[in-house]
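The following exercises concern the structure shown below. Each task is followed by a solution in steps.

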Amino acid sequence: MKRKPVDSSLVHSVGYDPKTETLEIEFHKTGVYQYSEVPKSVFSELMKASSKGSYFNSMIRDAFPCIHLGRSTRRS
């Protein structure tokens, strides 16, 4: 999934597939996670949030099923 870099101390990049309602988040320290059953409105609100980390922690982290895809292969 293609992800867009975001300005956040917690999140490096975010991607979303509206067909499968899959949200993919790459965190700076822990790697890439995929969240399923995420409505497009939640993705939109995340991208508009002034604090991506705060929005993630309050609205996504414990609300949707997720899997850890592993560490990113990007170079810092």
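**Exercise 1: A salt-bridge network**

Arg3 counts as partly exposed because its relative accessibility is 25%; the class lies between buried (under 20% relative accessible area) and exposed (over 50%), with a 1.4 Å probe and protein chains only. The model is a predicted one, in which local features need pLDDT of at least 70 and side-chain atom pairs count only at pLDDT 80 or more, while totals for chains, interfaces and linings use all residues. Residues are numbered from 1 along each chain as its sequence is written, and side-chain values use heavy atoms, with hydrogens and water left out.

Task. Determine which residues are linked with Arg3 in a network of salt bridges.

Solution.

Step 1. Apply the criterion: a salt bridge is a side-chain nitrogen of Lys or Arg within 4 Å of a carboxyl oxygen of Asp or Glu. By this rule the count comes to three salt bridges.

Step 2. Examine the pair Glu24 and Arg3, whose closest N and O atoms are 2.5 Å apart in a salt bridge. This pair links distant parts of the chain, since Glu24 is in strand β3 and Arg3 in the segment before β1 (4-5), 21 residues apart; strands are DSSP runs of E with at least two residues, helices are runs of H or I with at least four, and both are numbered from the N terminus.

Step 3. Examine the pair Glu26 and Arg3, which form a salt bridge at 3.1 Å, N to O. Here too distant parts of the chain are linked, with Glu26 in strand β3 and Arg3 in the segment before β1, 23 residues apart.

Step 4. Assign the burial of the acidic partners. Glu24 is buried because its relative accessible area is 4%, and Glu26 is buried because its value is 2%.

Step 5. Combine the pairs: Arg3, Glu24 and Glu26 are linked in a network of salt bridges.

Step 6. Turn to another pair, Asp62 and Arg61, whose side chains meet in a salt bridge at 3.6 Å, N to O. Asp62 counts as exposed because its relative accessibility is 69%, and Arg61 counts as partly exposed because its value is 42%.

**Exercise 2: The surroundings of Glu24 and Ser8**

Task. State which residues Glu24 touches, not counting residues up to four places away in sequence, and which residues Ser8 is in contact with on the corresponding basis.

Solution.

Step 1. Use the contact criterion, heavy atoms within 4.5 Å. Glu24 then touches Met1, Arg3, Ser13, Val14, Gly15, Val32, Tyr33, Gln34 and Leu69.

Step 2. Consider a C-alpha separation: Glu24 and Leu10 are 14 residues apart along the chain, and their C-alpha atoms are separated by 14 Å.

Step 3. Locate Ser8 in the loop between β1 and β2. Ser8 counts as buried because its relative accessibility is 16%.

Step 4. Leaving aside neighbours within four places in sequence, Ser8 is in contact with His28, Lys52 and Gly53.

**Exercise 3: Helix packing**

Task. Establish how α1 is oriented relative to helix α2 (residues 52-60), and which residues make the contact.

Solution.

Step 1. Take the geometry: α1 and α2 pack at an angle of about 150°, with their axes 8 Å apart. Axes are lines fitted to C-alpha atoms, for helices over the stretch in contact, and angles run from 0 to 180 degrees between N-to-C directions.

Step 2. Classify the angle. α1 is therefore roughly antiparallel to α2, a class for angles over 145 degrees, whereas under 35 is roughly parallel, 65 to 115 roughly perpendicular and the rest oblique.

Step 3. List the participants: Val42, Glu45, Leu46 and Met47 of α1 meet Lys52, Tyr55, Phe56 and Ile60 of α2.

Step 4. Sort these contact residues into six nonpolar, no polar and two charged. In this scheme Ala, Val, Leu, Ile, Met, Phe, Trp, Tyr, Cys and Pro are nonpolar, Asp, Glu, Lys and Arg are charged, and the others, Gly among them, are polar.

**Exercise 4: Positive phi values**

Task. Give the place and accessibility class of Glu21 and of Glu37.

Solution.

Step 1. Glu21 has a phi near 55°, a positive value in a residue other than glycine. Glu21 is in the loop between β2 (11-17) and β3 (22-27), and it counts as partly exposed because its relative accessibility is 35%.

Step 2. Glu37 has a phi near 65°, likewise positive in a residue other than glycine. Glu37 is in the loop between β4 (31-35) and α1 (40-48), and it is exposed because its relative accessible area is 56%.
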